[in-house]
Amino acid sequence: QAVLDGMNQALVIAEQQCQGLIVYQHDAINFSSGADLRSVAAFIQADKLAAIDQMVAEFQQLMMRLQSSSIPTVAALRGRALGGGCELMLHCSRVVAAFESYPGLVEVGVGLIPAGGGCKEMAKRAALKSSRSELMDVLQPYFEQIATALVAGSAPDALQRGYLLENDIWVMHSDEVLYAALAEIKAMNAANYGAPLPTLFPVAGREGHARLQVGLVNWLEGGFISEHDFYIANQLAHVLCGGDVNEGTLVDDAWMLRLEKDAFMTLAATPLTQARIAHLLETGKPLRN
């Protein structure tokens, strides 16, 4: 909560007084390990699911503020950017990444799905990238990497996996990212930076979900995933494909964010997900239940 409050305050100050905002971490190994699972677990134990719902909503609002800010927002990325940390990076106007950058949406490991705009952003990126090909050709690899909590192995790998975009840049040395981010802010201002306009984008809909479900059934029948893994991945597929709509339906960010949050809260209320969260906090290792 303190991080959310601090970043909101930083945005207010930056928009009033500065040319841009850089999100930077002095720790070269960890840009961000994501949301605080201990606070989530505490809310679950106290049966305060409404507090989790509020926290997710606030995180989504901050991500959209970063994305739609009147000034350039740049993530100076190095090291691990996991879960919410990856979502934060995805919503900045630009990413300047060290070669040794490792972003990934890993929420499935604790029985949840990305709900800070991560699913929304990957679905949107798939739609924009698929203008010359079928949407599912791009969306299915994105689904699989989120469903298996895959972390990119480098900045070029992150570009291939959709975590970085073509206009994001990467540098070889981690100590250069802040300098390069400052230069990027100046260049964006020189080019008359303007906030991106809200857009509608097509989703894969029920048809896309059905195609992903075929693969999930094969994984389940082959013993590669548990029934709870199947349930989590099904929730993820439902969200990434845009919910219960026809293939090609145009949706907006708000539609996708609502789907994300609903699925996240459904999973957070299940005992098997709660067991995964508790086990990771106790042992530092994921639970396969």
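**Figure 1. Val251, a residue of strand 7.** Let us start with Val251, which sits in strand 7 (residues 250-251) of this predicted model. Is Val251 buried or exposed? With a relative accessible area of 5%, Val251 is buried, because buried means under 20%. Leaving aside neighbours within four places in sequence, Val251 is in contact with Thr199, Leu200, Phe201, Val203 and Met256. Take a moment to find Thr199 in this view: Val251 and Thr199 are 52 residues apart in sequence, and their C-alpha atoms are 8.5 Å apart in space.

**Figure 2. Helix 2 and its buried residues.** Which residues of helix 2 (residues 37-45) are buried? They are Leu37, Val40, Ala41 and Ile44. Looking down the axis of helix 2, you would find these buried residues within an arc of 95°, so they line one face of the helix. A general rule helps here: an α-helix has 3.6 residues a turn, so residues three or four places apart point the same way. The buried residues of helix 2 pack against three partners, namely helix 3 (49-68), helix 11 (253-268) and helix 12 (271-283).

**Figure 3. The two ends of helix 2.** At the start of helix 2, look for Asp36: one of its side-chain oxygens comes to within 3.1 Å of the backbone nitrogen of Arg38. Now move to the other end, where Asp47 follows just after helix 2. Asp47 belongs to the loop between helix 2 and helix 3. At 64% relative accessibility, Asp47 counts as exposed. What is the phi of Asp47? The angle is positive, about 55°, although Asp47 is not a glycine. For background, most residues other than glycine have a negative phi.

**Figure 4. Ala149, in the loop between helix 6 and helix 7.** Here the view turns to Ala149, in the loop that joins helix 6 (135-147) to helix 7. Ala149 has a positive phi of about 55°, although it is not a glycine. Ala149 is partly exposed, with a relative accessible area of 25%.

**Figure 5. Lys120 and His91, joined by a polar contact.** Lys120 lies in helix 5 (residues 118-129), while His91 is found in the loop between helix 4 and strand 4. Are these two residues buried or exposed? Lys120 counts as buried, at 0% relative accessibility. His91 counts as buried too, at 0% relative accessibility. Their side chains make a polar contact of 2.8 Å. Not counting residues up to four places away in sequence, Lys120 also touches several others, among them Phe201, Asp253, Leu257 and Glu260. Under that limit, the residues that His91 touches include Met63, Leu66, Thr73 and Gly116. Met64 and Gln67 can be found around Lys120, and Met64 and Gln67 also touch His91.

**Figure 6. The largest pocket.** How much space lies in the largest pocket? The value is about 1000 Å³. Of the 41 residues lining this pocket, Gly34, Ala35, Asp36, Gly84 and Gly85 are the closest to its centre. The elements that give two or more residues to the lining are helix 1 (2-17), strand 1 (21-24), strand 2 (30-32), helix 2, helix 3 and helix 4 (84-90). Sorted by class, the lining has 27 nonpolar, 11 polar and 3 charged residues. You have met Asp36 already, at the start of helix 2.

**Figure 7. The second largest pocket.** This pocket has a volume of about 850 Å³. Its lining is made of 33 residues, and those nearest its centre are Gln67, Glu121, Lys124, Leu128 and Leu165. Helix 3, helix 4, strand 4 (94-104), helix 5, helix 7 (155-160) and helix 11 each give two or more residues to the lining. Which element gives the most? That is helix 5, with 5 residues. By class, the lining of the second largest pocket has 15 nonpolar, 9 polar and 9 charged residues.

**Figure 8. His238, a residue of helix 10.** Our last stop is His238, in helix 10 (residues 227-240). At 27% relative accessibility, His238 counts as partly exposed. Apart from neighbours within four places in sequence, His238 is in contact with His209, Gly243, Asp244 and Leu259. How far is the C-alpha atom of His238 from that of Leu281? These atoms are separated by 28 Å, with the two residues 43 apart along the chain.

How values were computed: Residues numbered from 1 in each chain as written. Predicted model: local features only at pLDDT ≥ 70, side-chain atom pairs only at ≥ 80, totals over all residues. Heavy atoms only, no water. Buried < 20%, exposed > 50% of the residue type's maximum accessible area, 1.4 Å probe, protein only. Helix = DSSP H or I, 4+ residues; strand = E, 2+ residues; numbered from the N terminus. Arc of directions from axis to C-beta. Contact = heavy atoms within 4.5 Å. Polar contact = N/O pair within 3.5 Å; in protein donor to acceptor, adjacent residues only side chain to side chain. 1 Å grid on protein atoms, 1.4 Å probe; cavity = no way out; pocket = protein on both sides within 12 Å on 5 of 7 lines; lining within 4 Å. Points joined across faces, edges and corners; volume = space filled by probe spheres on them. Nonpolar A, V, L, I, M, F, W, Y, C, P; charged D, E, K, R; others polar.
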